[in-house]
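This report walks through selected features of a protein structure, with attention to side chains, burial and charge pairing. Please keep the sequence and the structure in view while reading.

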Amino acid sequence: QDIESVLHTLNRNSLQLFVTTSKYEPMAKQMLKNLKVDHYFKGIYGSTADRFLKAEVIKTCIEENNLDTMYCTIIGDTKYDMIGGKLTSINTLGVTWGFGSKNDLIDCKPNFIANKPFDLLDILIKKSIS
């Protein structure tokens with residue numbers, strides 16, 4: 001419930017949201033559709049036969065949408081999200097809930113850390129207007 005409220009608020013503030021996951025792309029799209037949150041995202045990118053590393057998935061999203069990396073931030077719960085973000089020269093925002101460990105995230109030195117879903121609003125909305 002908190003996540004859906006956060007997604008709604010981010011959309012209302014005109015932030016473009018994408019999913020970049022190492023999960024198989026068709027499965028990721030189906031999962032988000034089943035959760036009824038797919039409509040919040042402008043694009044859903046996952047692993048395919050041509051790309052399976054996190055950085056490759058992120059790079060594809062950036063290139064296909066002509067995004068300026070200065071304004072991109074990956075939000076993730078694992079060190080692999082942080083590594084992928086750093087390899088593609090975008091901001092990294094570690095979330096302390098989910099599958100990864102907080103210590104692994106901190107070791108990767110993300111640009112931002114969120115301890116609860118609503119922290120994302122403060123970080124992302126303030127960042128987008130600064």
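The sections below take up a helix, a set of salt bridges and a surface patch in turn.

## Basis of the model

The structure discussed here is a predicted model, and residues are numbered from 1 along each chain as its sequence is written.

## Helix α1 and the residue after it

Helix α1 covers residues 2–12, and its buried residues are Val6, Leu7, Thr9 and Leu10. Seen down the axis of α1, these buried residues fall within an arc of 165°, and they therefore line one face of the helix.

Just after α1, the backbone at Ser14 takes a positive phi of about 65°.

## Salt bridges around Glu25

The count of salt bridges comes to five, and two of them involve Glu25, which pairs with Lys29 and with Arg51. In the pair formed by Glu25 and Lys29, the closest N and O atoms are 3.6 Å apart; both residues lie in helix α2, four residues apart, which is about one turn of the helix. The two partners differ in their exposure, since Glu25 counts as buried at 15% relative accessibility, whereas Lys29 is partly exposed, with a relative accessible area of 39%.

For the salt bridge between Arg51 and Glu25, the closest N and O atoms are 2.4 Å apart. Arg51 lies in the loop between β2 (43–47) and α3 (54–64), while Glu25 belongs to helix α2, so this pair ties together parts that are 26 residues apart in sequence. Both Arg51 and Glu25 are buried.

## The pair Lys116 and Asp119, and the shared network

Another salt bridge joins Lys116 to Asp119, with the closest N and O atoms 3.1 Å apart. Lys116 counts as partly exposed because its relative accessibility is 49%, whereas Asp119, at 17% relative accessibility, counts as buried. Salt bridges that share partners join Glu25, Lys29 and Arg51 into one network.

## A nonpolar patch on the surface

Which residues form a nonpolar patch on the surface? The patch is made up of Tyr24, Met27 and Met31, which together have about 330 Å² of accessible area. Of these, Met31 lies in helix α2, which spans residues 25–34, and Met31 counts as partly exposed because its relative accessibility is 36%. Helix α2 thus holds Met31 as well as Glu25 and Lys29, the two salt-bridge partners described above.

Key:
This is a predicted model: local features need pLDDT of at least 70, side-chain atom pairs count only at pLDDT 80 or more; totals for chains, interfaces and linings use all residues. Side-chain values use heavy atoms; hydrogens and water are left out. Patches are made of residues with over 30% relative accessible area and no salt bridge: like charges are joined within 9 Å, nonpolar side chains (Val, Leu, Ile, Met, Phe, Trp, Tyr) within 5 Å. Accessible areas come from the Shrake-Rupley method with a 1.4 Å probe; for residues, only the protein chains shown count as cover. A salt bridge is a side-chain nitrogen of Lys or Arg within 4 Å of a carboxyl oxygen of Asp or Glu. Buried means under 20% relative accessible area, exposed over 50%, partly exposed in between (1.4 Å probe, protein chains only). The arc is that of the directions from the helix axis to the C-beta atoms.
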